[in-house]
Amino acid sequence: MADPVNDLRRLVWQGLARTPRPVRELATLPVRRRADAQLRALAPMPPARRRLYVGPWNTAGQAWEWARSAERHLEGVAAQNLWAQRSLSQAHFRYRADHEISVLAQRGRVREIHGERVLQEATHVLHESGRPVLADFHAGSMLEDLPALTAAGVRPAVLYHGSEVRDLREHAGRYANSPFRVPERDWDDYLRTLQAVVDRNRADLLRWQEHGLPVLVSTPDLLDVVPGARLLPLVVDVDRFAAAGEASGMRPLERERPVVLHAPSNPRLKGTQVVEEVLHGMQRAGLVDYRRLTGVPHEQMAAFVADADVVVDQVVLGNPGVLMTESLAAGRVVVAHLSAQVRGRWADTRATTDPGSPVAAAPPVVEADPDTLREVLGDVLARRTAYQEIASRGPGWARAHHDGRRAAEVLGSWLDGAAADG
């Protein structure tokens, strides 16, 4: 939907850009002063022996969660994360962030005020999605930060979430139901743009690896996409989602017509068209109540998930995500497509609370793809007790793998190793 206010602002700035420089600088002076004031108001890094800065996108709130995990589970660590707004209309679902730099603030002296403070306060920087944290958050590359970080003695690593580095052609070759299984001559603007982003990031990554610098990925499928990377597990608030599930006072599949939830962050990458064809049909037949969520603030998601019996995540990509993990933590029946290779990645993991205790090799997720979704959901309805037992294993699995302790172990090995080198 068009936003008249934002459209007007863009037109004003475009008009100013065409005026002579002295006129432009005078006209924009009040805005630049406000922007600089916002940058100066960002909270300083707390004192600690190791000080980690993560940004700039806070995708699915994970940068904030990783920062908190490092502080909670590692001794002598302070951490902050950055969310840099990409556009006036960007929805970020109100994920928590230590630093929020608005579009307005990015019109100020970002490098001189924000960037210099990062260089002075941080000992380690984690670049999300290959983007810089000192300035030019969306147009630049982490490589542009590297000289200044090196000169300041700050140790960097890069982290990839998925679609920004996952080659569309390779994914289509590996996954029978890949959303990218379209002849390249028939690609639309979205697919062409996405592949261009991947190509750019992979080129930057090659240069990064030539320096021998660390590379992390947030989901296990990316270990096959980014050679030499290490998995930094996703982190979710297991306590909050588990408590919401318990507070609902209801086990999944107790209702005659179960509630099935689908909340696609990107419908094209979740197989939403197929999901909705199946669920709308089942709803018309009186078998389920289907709910699709879009644009819900993240602080409300636990309540929505807890009020569902079944959560259908994605059925085409083959990898796990944040919603899948949160739904497991809430004790819901989770249906998704996870490739056999991805499921096998958990085979050698262990519980951090007790290294000798057994941990399920793979998440208790019910497997389905576009061809089997209708049949799988029918089986869920027909054998409710069996699937209630599967759902009951979700909170323990989520706690063992994704409550922040395993992520802290990975971050700690990087922070300790870099510190030892210095």
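The chain holds 17 helices and 12 strands, where helices (H or I, at least four residues) and strands (E, at least two) are DSSP runs numbered from the N terminus. This is a predicted model, in which local features need pLDDT of at least 70 and side-chain atom pairs count only at pLDDT 80 or more, while totals for chains, interfaces and linings use all residues. Residues are numbered from 1 along each chain as its sequence is written, and side-chain values use heavy atoms, with hydrogens and water left out.

Of the 422 residues in the chain, 54% are buried. Buried means under 20% relative accessible area, exposed means over 50%, and partly exposed lies in between, with a 1.4 Å probe and protein chains only. Contact means heavy atoms within 4.5 Å. Among contacts between residues at least 6 apart in sequence, 73% join residues at least 24 apart.

Helix H12 (322-329) is mostly covered, with 8 of its 8 residues buried. They are Val322, Leu323, Met324, Thr325, Glu326, Ser327, Leu328 and Ala329. These buried residues pack against H3, H8, helix H11 (301-306), E10, strand E11 (333-336) and helix H16 (394-402). Just after H12, Gly331 takes a positive phi of about 75°.

Pro320 sits in the loop between strand E10 (310-312) and H12. Pro320 has a relative accessible area of 5% and is therefore buried. Leaving aside neighbours within four places in sequence, Pro320 is in contact with Thr219, Pro220, Leu338, Val342 and Trp346. One of these partners, Val342, is 22 residues from Pro320 along the chain, with 8.4 Å between the two C-alpha atoms.

Thr219 and Pro220 also appear among the contacts of Leu231, which include Val217, Ser218, Leu223 and Val410 as well, again leaving aside neighbours within four places in sequence. Leu231 belongs to strand E7 (residues 230-231). Its relative accessibility is 23%, so Leu231 counts as partly exposed. Leu231 and Leu216 are 15 residues apart in sequence and 5.7 Å apart in space, C-alpha to C-alpha.

Leu234 follows in the loop between E7 and H8. Because its relative accessibility is 5%, Leu234 counts as buried. Not counting residues up to four places away in sequence, Leu234 touches Gln62, Trp66, Ser218, Thr219, Gly321, Val322, His401 and His402. Val322 is one of the buried residues of H12. The C-alpha atoms of Leu234 and Thr219 are separated by 7.3 Å, and the two residues are 15 apart along the chain.

Another helix pair gives a defined crossing. The axes of helix H10 (residues 272-284) and helix H14 (residues 373-382) come within 10 Å and cross at roughly 40°. That makes H10 oblique to H14. Axes are lines fitted to C-alpha atoms, for helices over the stretch in contact, and angles run from 0 to 180 degrees between N-to-C directions. Angles under 35 degrees count as roughly parallel, over 145 as roughly antiparallel, 65 to 115 as roughly perpendicular, and the rest as oblique. At the contact, Val275, Val278, Leu279 and Met282 in H10 meet Leu373, Arg374, Leu377, Gly378 and Leu381 in H14. By class, this contact has 7 nonpolar, 1 polar and 1 charged residues; Ala, Val, Leu, Ile, Met, Phe, Trp, Tyr, Cys and Pro count as nonpolar, Asp, Glu, Lys and Arg as charged, and the others, Gly among them, as polar.

Helix H4 (residues 110-121) has 12 residues and reaches 16 Å from its first C-alpha to its last, close to the 16 Å expected at 1.5 Å a residue. The expected span is 1.5 Å times one less than the number of residues. Buried in H4 are Val110, Ile113, His114, Gly115, Arg117, Val118, Leu119 and Glu121.

Some backbone values remain. Most residues other than glycine have a negative phi, and most peptide bonds are trans. Ser129, in the loop between strand E4 (124-128) and helix H5 (142-152), has a positive phi of about 55° although it is not a glycine. With 2% relative accessibility, Ser129 counts as buried. Leu253 lies in the loop between helix H8 (238-247) and strand E8 (259-262), and its phi is near 70°, a positive value in a residue other than glycine. Leu253 counts as buried, at 3% relative accessibility. A cis peptide bond, with omega about 15°, joins Gly55 and Pro56. Pro56 is placed in the loop between strand E1 (50-55) and helix H3 (62-73).
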